[in-house]
Amino acid sequence: MGIKLKFLGAVREVTGSNHLVTTDISNAIIDCGLFQGRRQDFFEKNSEFGFDPADIEACILSHAHIDHSGNIPNLVKQGFDGRIVTTDPTRDLCAAMLPDSGHIQESDAKYVSKLHKRKGLPPVEPIYTKEEAEESLEFFTGHPYDQRVNVTDDIDVTFFDAGHVLGSATPLLEIGPDDSKVRLAYAVDLGRKNIPILNDPVQPPEIDWLILESTYGGRVHEPVDIGKEKLVDCISRTVKRGGKIIIPSFALERTQEIVYFLSQLRREGRLPDIPVIVDSPLATRITEVFSHHPQVYDEEMYRSFNTGEDPLGTINFEYIRDVERSKELNEIDSPMIIISASGMCEAGRILHHLKNNIQDARNTVLVVGYMARNTLGRKIAEREPVVKIFGEEYSLKAEVEILHAFSAHADRNDLLEYVKPLKDTVKGIFLVHGEEEQSRELFS
């Protein structure tokens, strides 16, 4: 039996994960993510697939992050009518995240088109709309961890907890007839051990071939406790200047982790008495989804919920849905913490907060997650003196602080530890989801 893998996205880069698995009788894809980067690249890379979507029988989805799930509505829009197989929490998260992605694309296209009109440029269109995203949800099926699911006539999949975000999985594909199955594991994205909220990653058994992420293939994260101390220092010195702390954050997981640590610091009396605001309707909805899936919490998180410690700040912090309240924040000239999406500063309300705050030296932009090449977030993280937001130039005068301790991605040591038990049995490892220098450094 012939099996072919074609890597169509997140190769020598970290966004737009999409991989084609072809057998003699089946076509399936693993993940279907949005590429995030320059606006022109965004439209070009996300508009076309390297296959005919109508020929694909199934999409195996590892988790709900938009760079892994975000192009599913476009897949359906272009003719896919198969099954999207994933975990139960990922299905529920996508029900919130994909329509939100469509809505953001429509809003940003409308805003940019208005700017273009002033300059005599043509309007822009979204890759897909909120309505098209909602239509794609009917193809999703959710499944528990550790349960084998038949996907096509010759592909089964079992989801193992990846410990990366709520519902994230390392899918193990078993391909071919029962007497000669090929076992392909997809560890993209892989979480870290001893991180709050979720359980540690689980390694599937008897792997023949492994597709492995390499986001931090050449880096080692600092311990979380050191990250907490730096978080306190950053907030304290910004408050002393009378500034705001602006935190671009992925609505899924990173926001909940940062709120978890801020809640801890508030209980410990180490957080200044300033407002903590989560300005993201999506993060608000996702936090609600968290409450529906306690079966995937780690022991500490489960205990915190049951003892009323408010680990996600739903009582003590402000979660904003209303756009008018979001706009009011830019009129308040006093210290506060604003956590807003998107995490790479490519869309959503964070763009407006950056536009209104990065030219004030009292403020701090706190980077707590990975910023892909050519994103606005990367340009801010690299402290470019002038950045473009909605096509207009702004001087970056705010302080920029970078904390890698809160990353939900495995670092070099984690990845090497993950593959160590496989060294005598695995037939090959494919590295994806990493910029080229990170992929090369992993096994150097």
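The exercises below work through the overall form, the surface and one strand pair of a predicted model.

**Exercise 1.** Determine how the radius of gyration of the chain stands against that of a compact globule.

*Solution.* Begin with the chain length, which is 444 residues, and note that a compact globule with this number of residues would have a radius of gyration near 22 Å. Next take the value for the chain, 21 Å, which agrees with the globule value. As a further description of the fold, the C-alpha atoms fill a box of roughly 70 × 55 × 40 Å along the principal axes, and the secondary structure comes to 14 helices and 20 strands.

**Exercise 2.** Describe the burial, the contacts and the exposed surface of the chain.

*Solution.* Start with burial, taken as under 20% relative accessible area: buried residues make up 58% of the 444 residues. Then consider contacts between residues at least 6 apart in sequence, of which 75% join residues at least 24 apart. Turn last to the surface, where the chain exposes about 18,100 Å², with carbon and sulfur atoms supplying 47% of that area.

**Exercise 3.** Find how many positive and negative side chains the chain has, and how far apart the centres of the two sets lie.

*Solution.* Count each set in turn, which gives 50 positive and 72 negative side chains; the centres of these two sets lie 7 Å apart.

**Exercise 4.** Work out how strands S7 and S8 are paired and joined.

*Solution.* First locate S7 at residues 148-152 and S8 at residues 155-161, which pair in the antiparallel sense over four bridges. Then look at Thr-152, whose bridge partner in S8 is Ile-155. Finally, follow the chain from S7 to S8, which a hairpin joins through two residues.

Key
Residues numbered from 1 in each chain as written. Predicted model: local features only at pLDDT ≥ 70, side-chain atom pairs only at ≥ 80, totals over all residues. Heavy atoms only, no water. Rg over C-alpha atoms; globule rule 2.2 N^0.38 Å. Buried < 20%, exposed > 50% of the residue type's maximum accessible area, 1.4 Å probe, protein only. Contact = heavy atoms within 4.5 Å. Areas by Shrake-Rupley, 256 points an atom, 1.4 Å probe, with all protein chains shown as cover. Lys, Arg positive; Asp, Glu negative; His and termini not counted. Charge placed at Lys NZ, Arg CZ, Asp CG, Glu CD. Pairing = 2+ DSSP bridges.
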